[in-house]
Structures are given as structure tokens and as C-alpha cells.
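These are my notebook entries on a single model. Each entry records what I looked up and what I found.

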Amino acid sequence: QVQLVESGGGLVQAGGSLRLSCAASGRFFSINDMAWYRQAPGKQRELVASITSGGSTNYADSVKGRFTISRDNARNTVYLQMNSLKPEDTAVYYCKATTPFVSWGQGTQVTVSS
């Protein structure tokens, strides 16, 4: 089982930046894939970015060129660098890990003001 704790959310102005972190703990051999999802009020949860154990990344079209996902395997941590933030990015951001069992973090609020 993997426990995930997100941090780094907050309130920023449009055009600003935030860096989210997700630290994994627990007993596991390795984490295969890690991802960031987000959910805005009244909308379905959507995949923002993912990264495999080998470092391959995937991004939603809406964040390509603005967000960067990375991982530090030695520290069992995944990051999401968010630049050029838009009000449309406002949502609760959730970390997901697959070991292959799926674990979710509690979520961290990101609010972008116009």
C-alpha cells in the first residue's frame, strides 16, 4: 500500500507559477506510474499529466507547453511544475500512483485568479 501526500497548492494570479509535490510512503517494491489529475467544481476528474518509471511523459492538450511533470525515484516523489497559469487551471489536484495497485492522495487546492 502507498500513502500519498500532496503539497504546494495555493492562490496565484494568472500568469504565475506553482510547483506541486507528491511524496509516497509505505511498503512497496517500486512505483510503476505516477500521475496528476484535477477536478474543478461541476466537472469530471481529468488526467493532467503522467510519467512512467522510465521517465516517459504524457500531458493533456490544455497544459502542454505550460506544465512539466517529473519524478525523483530516490525520494519517491513526483512534481508538477505549473507555469503561465490560467483561471481555467483552478481545481483540486490529485496525485495518483500505480504499483500496480492504485493509490490516491487527498488533493491540494490550486486557485488562479484573473
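**Entry 1. Disulfide**

I looked up the handedness of the link between Cys-22 and Cys-95, and with -85° about the S-S bond it is left-handed. Cys-22 lies in strand E3 (residues 18-26) and Cys-95 in strand E9 (residues 91-98), so named because helices (H or I, at least four residues) and strands (E, at least two) are DSSP runs numbered from the N terminus. The two cysteines are 73 residues apart, and the pair links distant parts of the chain. Their sulfur atoms are 2.1 Å apart, where a disulfide is a pair of cysteine sulfur atoms within 2.5 Å. My search of the whole structure found 1 disulfide. Both Cys-22 and Cys-95 are buried (under 20% relative accessible area; exposed is over 50%, partly exposed in between, with a 1.4 Å probe and protein chains only).

I note the basis of these values: the model is predicted, local features need pLDDT of at least 70, side-chain atom pairs count only at pLDDT 80 or more, and totals for chains, interfaces and linings use all residues. Residues are numbered from 1 along each chain as its sequence is written, and side-chain values use heavy atoms, with hydrogens and water left out.

**Entry 2. Strand E4 and its partners**

I next asked how many residues of strand E4 (residues 33-39) are buried. The count is 5 of the 7, so E4 is largely enclosed by the rest of the structure. I then looked up its pairings, where two strands pair if DSSP finds at least two bridges between them. E4 and strand E5 (residues 46-52) run antiparallel and are joined by 6 bridges. Within this pairing, Asp-33 has Thr-52 of E5 as its bridge partner. The hairpin of E4 and E5 has 6 residues between the strands, and there Gly-42 takes a positive phi near 80°. E4 also pairs with E9 in the antiparallel sense, over 7 bridges. In E9, Cys-95 is the residue that stands opposite Trp-36; this is the cysteine that forms the disulfide with Cys-22.

**Entry 3. Nonpolar core**

Which residues of the largest nonpolar core touch the most other members? I find Trp-36, Leu-80, Met-82 and Tyr-93, in a core of 29 residues. Such a core is a set of buried Ala, Val, Leu, Ile, Met, Phe, Trp, Tyr and Cys residues joined through side-chain atoms within 4.5 Å. At least two core residues come from each of strand E1 (2-7), E3, E4, E5, strand E7 (67-72), strand E8 (77-82), E9 and strand E11 (108-113).

I listed the contacts (heavy atoms within 4.5 Å) of Tyr-93, leaving out residues up to four places away in sequence. Among them are Leu-20, Trp-36, Val-48, Phe-67, Leu-80, Met-82 and Val-110. Glu-6 and Arg-38 are also on the list for Tyr-93.

**Entry 4. Salt bridges**

I searched the whole structure for salt bridges and found 5, a salt bridge being a side-chain nitrogen of Lys or Arg within 4 Å of a carboxyl oxygen of Asp or Glu. Asp-61 pairs with Lys-64, with closest N and O atoms 3.2 Å apart; Asp-61 is exposed at 65% relative accessible area, and Lys-64 is partly exposed at 48%. Glu-46 and Arg-38 form another, at 2.8 Å between the closest N and O atoms. Here Glu-46 is partly exposed at 35%, while Arg-38 is buried at 7%. Asp-72 and Arg-75 meet at 3.4 Å, N to O; Asp-72 is partly exposed at 22% and Arg-75 is exposed at 61%. Arg-38, Glu-46, Arg-66 and Asp-89 are joined into one network by salt bridges that share partners.

**Entry 5. Asp-89**

I followed the network to Asp-89, which is placed in the loop between E8 and E9. Is this residue, Asp-89, buried or exposed? It counts as buried, at 1% relative accessibility. The Asp-89 side chain reaches the backbone nitrogen of Lys-86 at 2.8 Å. Leaving out residues up to four places away in sequence, Asp-89 touches Arg-38, Arg-66, Phe-67, Val-110 and Val-112.

**Entry 6. Ala-97**

Lastly I looked up Ala-97, found in strand E9. Ala-97 is buried, with a relative accessible area of 0%. Beyond its neighbours within four places in sequence, Ala-97 is in contact with Leu-4, Ile-31, Asp-33, Met-34, Val-102 and Ser-103.

Key. A polar contact is a pair of N or O atoms within 3.5 Å; within protein, one must be able to donate a hydrogen and the other to accept it, and residues adjacent in sequence count only if both atoms are side-chain atoms.
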